[in-house]
Amino acid sequence: MRSMFNWRNIPKMMELKGILLAAIGEHPEMPEEERGDLLGECDLIMSFLCYNDISAMSRLHRSASAQMSRQAISIRNSGGWTFGLPSVLMMFYRAPGKLASELAEMDECMPHYYRITDGHGQGAETIMRAEALFCRGRFTDAHIELERAYAQIRDNGQENMALCCDFLAWRLSLCAEVEPELTLEERREALLRQHNASWLNIWNATAAYYHALRGEPERIPELFAQHRLSTVNILAPGKPMMEMIENQVYLAQGAWAKVIGRSEGLLAMCEGMHYALVALHVRVQTAAYERLGKHTEARALLRQALSDGEPDGLVMPFVENYDGLVPLLAQEIRSDLIDRIVELGEASRQRKERNVRPRALSALTEREFEIVRLMAQRLSNREIAERLFLTEGSVKQYVKQIYSKLHIDGDTRTKRRRLNELLEAKA
């Protein structure tokens, strides 16, 4: 049954369940302990079909725990727990206004699961709580819960959960004084020694999302930067979130039309699988309509996203895409949610300025600095104009202003080389 689930052959899995239950029924002499172990193991495996429905999972986990006298044999505690996803919250948040009850059910459900799986997925409820606090903009509380999660999983072989902690830690580091346990490169080196492709995919997703948020498309891992996600094996429950991360990469690359073109199908997938938080991110991302002058479409998406985020006070999907939302938010009637988004968005923008922009380039405007970064990618004036929806003449004028402000002289090659040196001299 477990293998059939892994191989996505659910009809065969259900057929085997029927055979198992029939066999148990045909042997009334079977010891009660053995009967309970088999029925409990069956419930445990069936819970995989409820992968993001905590209420349904909880019922099956409690039933399995009550019946079993031994550890499950179908679960290895060192195996993956989130179907290759880097976020527990994005997996389990099913509907606006349900966050508090979902967190409570996770707290109630997981101890039963840990008892019969030797702690498989240990720390999941703590990570989910930390992510929820982060999404509400409560960074100090999120950091405390994150450290609790790291402590829970330390030295117990739960690499999947450590990677989920990393995903939150790197996002949190953009908003607060938080330092992940390992650098991205250190974590990657450690994973390479374990030869686990699924864990490397989680690392790729984390690094891609982090560098996309920082506006560093040149540092995004090749799998996402070159949009080769279809070449790796991703379990079906993991696809919506991985594609949402790919959307964020497209945004960092300035491919607005790509984001818009993909999002209708992605939103339908999220709705079918009850991935409400992923859908919220996708709607915020698709407000990229504004970048193409499609104001009506952009405002409709933003308003739907605000409506979805308001019941649970979810601000970070907006804050992480704040720069693209500023003109849209300015047109909305102010609310507590919008005020909080603007407050955190402005703080994030200032922090990004301090941490990312070299001090030598502090005299440049946001648009001028954006052009400098594109010049560093060896794009021509025409290519930069196409990327930013400007005329080539406007780009030439911007470039002239940049060199003037930075007091850079010489021929074109000399000026570009000096500009790259200043860009790489991070403060």
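These legends describe close-up views of a predicted model.

**View 1. The second largest pocket and the residues around its centre.**
The second largest pocket has a volume of about 820 Å³. Its lining is made of 34 residues, and those closest to the centre are R2, G80, W81, F83 and L235. Sorted by class, the lining holds 17 nonpolar, 15 polar and 2 charged residues.

**View 2. Helices that line the second largest pocket.**
Five helices each supply at least two lining residues: α1 (2-6), α4 (54-67), α5 (88-92), α6 (99-117) and α11 (197-213). Which helix gives the most to the lining? The answer is α11, with 4 residues.

**View 3. F83, a residue close to the pocket centre, with a positive phi.**
F83 sits in the loop between α4 and α5. Its phi is positive, about 55°, although F83 is not a glycine. Most residues other than glycine have a negative phi. Is F83 buried or exposed? F83 counts as buried because its relative accessibility is 16%, below the 20% cut-off.

**View 4. H227, another non-glycine residue with a positive phi.**
H227 lies in the loop between α12 (222-225) and α13 (239-252). Its phi is about 55°. H227 is partly exposed, with a relative accessible area of 22%.

**View 5. Helix α6 and its kink at C109.**
Helix α6 has 19 residues. From its first C-alpha to its last, α6 reaches 26 Å, close to the 27 Å expected at 1.5 Å a residue. Where does α6 kink? The kink lies at C109, shortly before the proline P111, and is about 30°. C109 itself is one of the buried residues of α6. The others are L99, E102, L103, M106, M110, Y113, Y114, I116 and T117.

**View 6. Cysteines without a disulfide partner.**
How many disulfides does the structure hold? The count is 0. A disulfide is a covalent bond between the sulfur atoms of two cysteines. The cut-off used for a disulfide is a sulfur pair within 2.5 Å. For C50, the closest cysteine sulfur is that of C109, 10 Å away, so the two are too far apart for a bond. C164 is in no disulfide either. The nearest cysteine sulfur to that of C164 belongs to C165, at 7.3 Å.

**View 7. Helix α9, a mostly covered helix.**
Helix α9 spans residues 159-173 and has 15 residues. Its reach, first C-alpha to last, is 20 Å, close to the 21 Å expected at 1.5 Å a residue. Of the 15 residues in α9, 15 are buried. C164 is buried, with a relative accessible area of 0%.

**View 8. E246 in helix α13, shown with A276.**
E246 is part of helix α13. Is E246 buried or exposed? At 6% relative accessibility, E246 counts as buried. E246 and A276 are 30 residues apart along the chain. Their C-alpha atoms are separated by 17 Å.

**View 9. S380 in a loop, shown with V395.**
S380 sits in the loop between α20 (366-376) and α21 (381-388). S380 is partly exposed, with a relative accessible area of 30%. S380 and V395 are 15 residues apart in sequence. In space, C-alpha to C-alpha, S380 and V395 are 9.7 Å apart.

Technical notes:
Residues are numbered from 1 along each chain as its sequence is written. This is a predicted model: local features need pLDDT of at least 70, side-chain atom pairs count only at pLDDT 80 or more; totals for chains, interfaces and linings use all residues. Side-chain values use heavy atoms; hydrogens and water are left out. Buried means under 20% relative accessible area, exposed over 50%, partly exposed in between (1.4 Å probe, protein chains only). On a 1 Å grid over the protein atoms alone, a cavity is a set of points where a 1.4 Å probe fits but cannot get out, and a pocket is an open set with protein on both sides within 12 Å along at least five of seven lines; lining residues have an atom within 4 Å of a point. Grid points are joined across faces, edges and corners, and a volume is the space filled by probe spheres set on the points. Ala, Val, Leu, Ile, Met, Phe, Trp, Tyr, Cys and Pro count as nonpolar, Asp, Glu, Lys and Arg as charged, and the others, Gly among them, as polar. The expected span of a helix is 1.5 Å times one less than its number of residues. The bend at a residue is the angle between axes fitted to the seven residues ending there and the seven starting there.
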